[in-house]
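User: I'm new to this one and would like to see where its labels come from. Can you walk me through them?

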Amino acid sequence: MIFLTDIYLSGPRVLNPARGTDSVADILIRDGKVVFPAAGDVPQGCEMMDCMGLWAMPGLVDMHVHLRTPGNTGAETLESGLRAALAGGVTTVGLMPNTNPPIDNPELAGKLMRTVENLKLAAAVPVPCVTVGGAGGPLTDLEAFASLGLKAFSDDGHPVMPDRSFRAACERIAAFGGVLVEHPENTALAAGGVVNLGPVSVALGVPGLSEESEWSDAARCVALLEGTGARLHLTHLSSPESVRIASQAAAKGLSVTCDVTPHHLALSHDILQALGSAAKMNPPLRSEESRRELVSMCAHGLVGVVASDHAPHTRESKDIPLQSAAFGVTGLETLLPVTMGVLSGEGGMSPLAVVAMLSTAPASVLGIEIPDLRSETCDSLVLFDPGEEWVFQGGYSLSRNTPFLGTRLTGRVVMTLCRGRVFQ
Ligand SMILES: [Zn+2]
């Protein structure tokens, strides 16, 4: 439901990573803007909301999202996906380009941007292909995308190949301060793999995907990046070794960042036998040991960003034998509770640091405005109840292919203010 009246939020804990602040303060949403009112200054006629125990934070940025448009709108549409985003507290998504046709030309990117604008839901930033068709080889018109304000590029679904295209892309992207978002996968090593290589792949009798098939490509990218001056972001890392490669490169002065997904932080490959294709994604869920190490690496600041890799699929492409089922799980609507649960619980991180991984840090990677709960100018905000227990039964997304379906979660988005409009 959308509200356009003014709302007075009384007493939430306000987490604002842009300023490193974490304190209790009243907030007035007036004319769609965030205002920090003087004490006791409650305007007449506005709706009062008791927010004791709730957390207010900036609108979240999920930099890795598949909304299947164009080409597979039976799995998701821009409208359903952006509504799912708002339900999850996400006010900006990065649209991955592996659609059908792929987002490899500025005309399609521009058309998507206009459609998103007209929907007046969450904002969406296309992350166009690096190579034509995302197929490896000749580069797209990177500079034309940059002139539309798009700074992040990816051949997601595949690594950027061959090496000479990767290197040339880095050189051109560096010229306008952009970033190459790599889906790290050594396709020769990964070919035919279904789930993590190990006891579970053996028990299920399916070919395995090794951690090496991920980290060996991360190492390739770092080597090719050197000397180009570009920024590299390694996305959906599942192997601690990949994170080590990224952080060692950053320690050497290269501009390398990375993200992990909520499902790789919260789940291990042990659930595959119970859940089957609902837990099949690429990269796959890893061992419990790797999962724990990823959580610890987040807590130690070696991973800067969490992104959902929201990948909706129709039932027809999931409710089939594991080996032939599509890779990918949905994640927009469970992003915040799952991430907050595992990183502030097991990881021992402060809620403020977790919110940074979901808002300011991904915005900085994408090169978009940093979300900041500044009085009078900010028009996006999330209200989160950290204690509410609920069972996720599917939401606005057209697809329900998630291992968290039917799971009891702690923490729920109560309200999202997005570009001046309140969604509840
Ligand atoms: Zn990917």
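Analyst: Sure. First, a definition: a helix here is a DSSP run of H or I with at least four residues, a strand is a run of E with at least two, and both are numbered from the N terminus. Just after helix α1, glycine 89 has a positive phi of about 85°. One caution before we go on: this is a predicted model.

User: What makes α1 "mostly covered"?

Analyst: A residue is called buried when its relative accessible area is under 20%. In α1, residues 78-87, that label goes to 7 of the 10 residues, so the helix counts as mostly covered. The buried ones are Leu78, Ser80, Gly81, Leu82, Ala84, Ala85 and Leu86.

User: And what do the buried residues of α1 pack against?

Analyst: Two strands on the list are β10 (90-95) and β11 (123-126), among other partners that include helix α2 (106-119) and strand β20 (408-418).

User: How do you know that β10 and β11 are paired, and in which sense?

Analyst: Pairing takes at least two bridges found by DSSP. β10 and β11 have 4 bridges, so they pass, and their sense is parallel. As an example, leucine 95 stands opposite proline 126 in β11. β9 and β10 are also joined by 4 bridges and run parallel, and valine 61 has threonine 92 of β10 as its bridge partner.

User: Why are β9 and β11 called edge strands?

Analyst: The sheet is open, with 3 strands in the order β9-β10-β11 and parallel pairing. β9 (60-65) and β11 each pair on one side only, and that is what the edge label refers to. Neighbouring strands in this sheet are turned by 20° against each other on average, direction ignored. α1 packs on this sheet, touching β10 and β11, and its direction makes about 135° with that of β10. Over in β11, Ala123 and Val125 point one way while Ala124 and Pro126 point the other way, and all of these are buried.

User: What order do the strands of the mixed sheet follow?

Analyst: That open sheet has 4 strands, ordered β6-β5-β2-β7. Its edge strands are β6 (33-35) and β7 (47-50), each pairing on one side only. The twist from one strand to the next averages 20°.

User: What makes β5 and β6 a pair?

Analyst: The bar is at least two bridges. β5 (residues 27-30) is joined to β6 by 3 bridges, so the two count as paired, and they run antiparallel. Arginine 30 stands opposite lysine 33 in β6.

User: Now the metal. What makes certain atoms donors of the zinc ion?

Analyst: For zinc, an N, O or S atom has to be within 2.8 Å of the metal. Asp156 (OD), His183 (ND1) and His236 (NE2) lie 2.0 to 2.3 Å from the ion, so they qualify as its protein donors. Along the chain their spacing is D-x26-H-x52-H. Aspartate 156 sits in the loop between β12 (152-154) and α4 (163-175), and histidine 236 in the loop between β16 (231-234) and α8 (240-251), so the pair ties together parts that are 80 residues apart in sequence. Both aspartate 156 and histidine 236 are buried.

User: Why is α8 called roughly parallel to α11?

Analyst: Two packed helices are described by the angle and the distance between their axes. The axes of α8 and α11 (residues 288-299) come within 9 Å and cross at roughly 30°. Angles under 35 degrees count as roughly parallel, so α8 gets that label relative to α11. The contact is made by Pro240, Val243 and Arg244 of α8 with Ser290, Glu293, Leu294 and Met297 of α11. By class, that contact has 4 nonpolar, 1 polar and 2 charged residues.

User: How do you know whether serine 201 is buried or exposed?

Analyst: Serine 201, in helix α6 (residues 199-204), has 3% relative accessibility, under the 20% cut-off, so it counts as buried. Leaving aside neighbours within four places in sequence, serine 201 is in contact with Val195, Asn196, Val206, Pro207 and Gly208. Its C-alpha atom is 8.9 Å from that of histidine 269, 68 residues apart along the chain.

User: What about threonine 334, buried or exposed?

Analyst: Its relative accessible area is 4%, again under 20%, so threonine 334 is buried. Threonine 334 lies in the loop between α12 (315-318) and α13 (335-346). Apart from neighbours within four places in sequence, threonine 334 touches Phe392, Phe404 and Leu409.

Technical notes:
Residues numbered from 1 in each chain as written. Predicted model: local features only at pLDDT ≥ 70, side-chain atom pairs only at ≥ 80, totals over all residues. Heavy atoms only, no water. Donors = N, O, S within 2.8 Å, 3.2 Å for Na, K, Ca; no water. Buried < 20%, exposed > 50% of the residue type's maximum accessible area, 1.4 Å probe, protein only. Axes fitted to C-alpha atoms, helices over the stretch in contact; angles between N-to-C directions. Parallel < 35°, antiparallel > 145°, perpendicular 65-115°, else oblique. Contact = heavy atoms within 4.5 Å. Nonpolar A, V, L, I, M, F, W, Y, C, P; charged D, E, K, R; others polar.
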